[in-house]
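Thanks for coming. I will take a few minutes to walk through one structure, so please look at the screen.

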Amino acid sequence: PMSASHPSESSSAGNGSAPRLDSYPRETNFFSFHPLSFVDDILEATRDYCCDGVDTLEGILKEDPGLAGKEESIKNSCDAVLQLLTKSIDRNFDKFELYLLNNIFNIPSDAIIPSDTNTTTSSAVPPPISASQEAALDREIEDLRRRVHSTQLLAAQAKQQYEGLSHEVDTYHTWSRDIKAATSSWKPDELTEALSHLRDMNSAISATHTKVHSRPEWEALRSLPHPP
């Protein structure tokens, strides 16, 4: 409560001016109160505490029997103490106010606060699409799904064919290595009949090789990764 004998003076600190309520709009919106009003509330509460303290001191001094008859002097002295306290409070609250405004309640201009985001997003909401546009998008999505499914089936078939052809070629290569190893120790007069069989085998291998590489899907198969 305000003191009766020592009423609190109005703020702001130092100059007694009212808070500049038209300033700090972003800070006011973010904190839900005006920064200068916050400072003034603290200043007023501090001054009230000082007034109450001086009033209590004045009352105790007037009740002292040794100071009987000096009530006016006690009041003047307490008023002087209050003036000193008020000057000190105003001087230090000026510093306190500057610190709060520069370091606590200051929102940088490049900082995005919820009110800024709400303003931006509300103006950037795309217009609703029509029923015909929605139907066209649904048809496009369905067509893409069918194309993806067809591509997956073709890839699976191509992979299966690739595996079968690769196995066939590997088998012929194995046969060729085995024949060469088996005939490496033969005498020249024993190779005549074997050479005839080798020519037939070589012709079969060449035909298979030509068959494999002449198939239309060979180029597509070569682009597929090897099976693990």
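Start with Ile-74. Leaving aside residues up to four places away in sequence, Ile-74 touches Glu-58, Leu-61, Lys-62 and Leu-67. Keep in mind that this is a predicted model.

Ile-74 also belongs to the largest nonpolar core, which has 9 residues. The other members are Leu-43, Cys-50, Cys-51, Val-54, Cys-78, Leu-82, Ile-89 and Phe-93. Which elements give two or more residues to this core? They are helix H2, residues 35-63, and helix H3, residues 71-104. The largest share comes from H3, with 5 residues.

Now the cysteines. Cys-50, Cys-51 and Cys-78 are among the core residues. Cys-50 counts as buried because its relative accessibility is 18%, and the cut-off for buried is under 20%. Cys-78, at 3%, counts as buried too. How many disulfides does the structure hold? The number is 0. Take Cys-50: the closest cysteine sulfur to its own is in Cys-51, at 7.0 Å, and that is too far for a bond. For a disulfide, the two sulfur atoms would have to lie within 2.5 Å.

Next, the aromatic rings. The structure holds 7 aromatic pairs. One of them joins Phe-31 and Phe-105. Their ring centres are 5.2 Å apart and the planes are at 80° to each other, which puts the pair in the edge-to-face class. Which parts does this pair tie together? Phe-31 lies in helix H1, residues 25-31, while Phe-105 sits in the loop between H3 and helix H4, residues 114-123, so the link spans parts 74 residues apart in sequence.

Are these two rings' residues buried or exposed? Phe-105 counts as buried, with 6% relative accessibility. Phe-31, with 25%, counts as partly exposed. Both also belong to a cluster linked by ring pairs, made up of Phe-30, Phe-31, Phe-33, Phe-38 and Phe-105.

One last residue, back in helix H3: Asn-92. Its relative accessibility is 37%, so Asn-92 counts as partly exposed. What lies 2.7 Å from a polar atom of the Asn-92 side chain? It is the backbone oxygen of Ser-88.

To recap: H2 and H3 each give two or more residues to the largest nonpolar core, the disulfide count is 0, and the pair of Phe-31 and Phe-105 ties H1 to the loop between H3 and H4. That is the end of my part.

Key
Residues are numbered from 1 along each chain as its sequence is written. This is a predicted model: local features need pLDDT of at least 70, side-chain atom pairs count only at pLDDT 80 or more; totals for chains, interfaces and linings use all residues. Side-chain values use heavy atoms; hydrogens and water are left out. A nonpolar core is a set of buried Ala, Val, Leu, Ile, Met, Phe, Trp, Tyr and Cys residues joined through side-chain atoms within 4.5 Å. Buried means under 20% relative accessible area, exposed over 50%, partly exposed in between (1.4 Å probe, protein chains only). Helices (H or I, at least four residues) and strands (E, at least two) are DSSP runs, numbered from the N terminus. Contact means heavy atoms within 4.5 Å. Rings of Phe, Tyr and Trp (its six-membered ring) pair if their centres lie within 6.5 Å; planes under 30 degrees apart count as stacked, over 60 as edge-to-face and the rest as tilted. A polar contact is a pair of N or O atoms within 3.5 Å; within protein, one must be able to donate a hydrogen and the other to accept it, and residues adjacent in sequence count only if both atoms are side-chain atoms.
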